Amino acid sequence: MHALIVISHPEPNSLTSSIAARIGEGLLHSGTGHSYELADLTAEGFDPRFSEGDIAAHRKKAPAPSDVADEQARIDKSDALVLVFPVYWWSMPGLLKGWIDRVFSNGWAYDDGDGKLEKKLGHLPIHLVGIGGADAGTYEKHGYDDAMKTQIDHGIFDYCGAPVVSSTLLLESDSQDPAKHFDTAHNIGTSLFETHIQREPATVA
């Protein structure tokens, strides 16, 4: 089975990149013949700006822009999607959010018409890995972890019907040796396909 691992960080040698690499290594070391592709949005120069072309595609007046269609195609050939990102202001970086804004579009990720929502990504397991500098107590005290799950897990992926199989926060990355997270990342990769979501027809809600 094949996973697409997407990262968003301005530095090529970031902790985000290292965590993504450990997830990939874990997947390859699981001994089951799985594969993965790493999508580095910064290195690839993805444009996160929602353009007139994106609006036209959203309104079904034009096909998706070519770069969006390319991203949708590599998700379509994947059996799982893994997003690895630093936590910026209790959310994901703007580049990654812009990727979602443009790629998870009306007609592909969901179909919103005639007062009915068709969720089209029920076949796509999602794994979220956020890397934060604060400690768990800070997240719990202010409800940041719950707020992120409401915004991202539910607000984005549940809307499209994509099941969030795992949602992990790797914290204290600034104050402790970040290498402590490498084993966790490796284990995420090893168990990525332990629970496989069968491809099923889209549902209407």
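Begin by selecting Tyr-88, which is partly exposed, with a relative accessible area of 36%. The model on the screen is predicted. To place this residue along the chain, colour strand S3 (80-86) and helix H5 (94-103); Tyr-88 lies in the loop between them.

Next, add Trp-89 and Trp-90 to the selection and display the surface. Together with Tyr-88, these residues make a nonpolar surface patch of about 410 Å². Tyr-88 can be part of such a patch because its relative accessible area of 36% is over the 30% that a patch residue requires.

The tour now turns from nonpolar side chains to charged ones. Side chains of opposite charge can pair when their charged atoms come close. The structure holds ten salt bridges, and the following stops visit several of them.

Move into helix H5 and select Lys-97 and Asp-101. These two residues form a salt bridge, in which the closest N and O atoms are 2.6 Å apart. Why can the two be separated by about one helical turn? Lys-97 and Asp-101 have this separation because they are four residues apart in helix H5. Lys-97 counts as partly exposed, at 32% relative accessibility, and Asp-101 also counts as partly exposed, at 33%.

Proceed to Glu-118 and Lys-120. Here the salt bridge has its closest N and O atoms 3.9 Å apart, a value that still lies within the 4 Å used as the limit for a salt bridge. Glu-118 is partly exposed, with a relative accessibility of 27%; Lys-120 is partly exposed as well, with 25%.

Now select Lys-119 and show Asp-158 with it. Their closest N and O atoms are 3.7 Å apart, and the two residues form a salt bridge. Lys-119 lies in strand S5 (residues 116-119) and Asp-158 in helix H7 (residues 144-160), so this pair ties together parts that are 39 residues apart in sequence. Is Lys-119 buried or partly exposed? Lys-119 is buried, because its relative accessible area of 16% falls under the 20% cut-off. Its partner Asp-158, at 32% relative accessibility, counts as partly exposed.

For the last stop, select Glu-37, Glu-44, Glu-71 and Arg-74 at once. These residues are joined into one network by salt bridges that share partners. With their side chains displayed, the reader may trace how the shared partners link the four residues.

Note on methods. Residues numbered from 1 in each chain as written. Predicted model: local features only at pLDDT ≥ 70, side-chain atom pairs only at ≥ 80, totals over all residues. Heavy atoms only, no water. Patch = residues over 30% accessible without salt bridge, like charges linked within 9 Å, V, L, I, M, F, W, Y side chains within 5 Å. Areas by Shrake-Rupley, 256 points an atom, 1.4 Å probe, with all protein chains shown as cover. Buried < 20%, exposed > 50% of the residue type's maximum accessible area, 1.4 Å probe, protein only.
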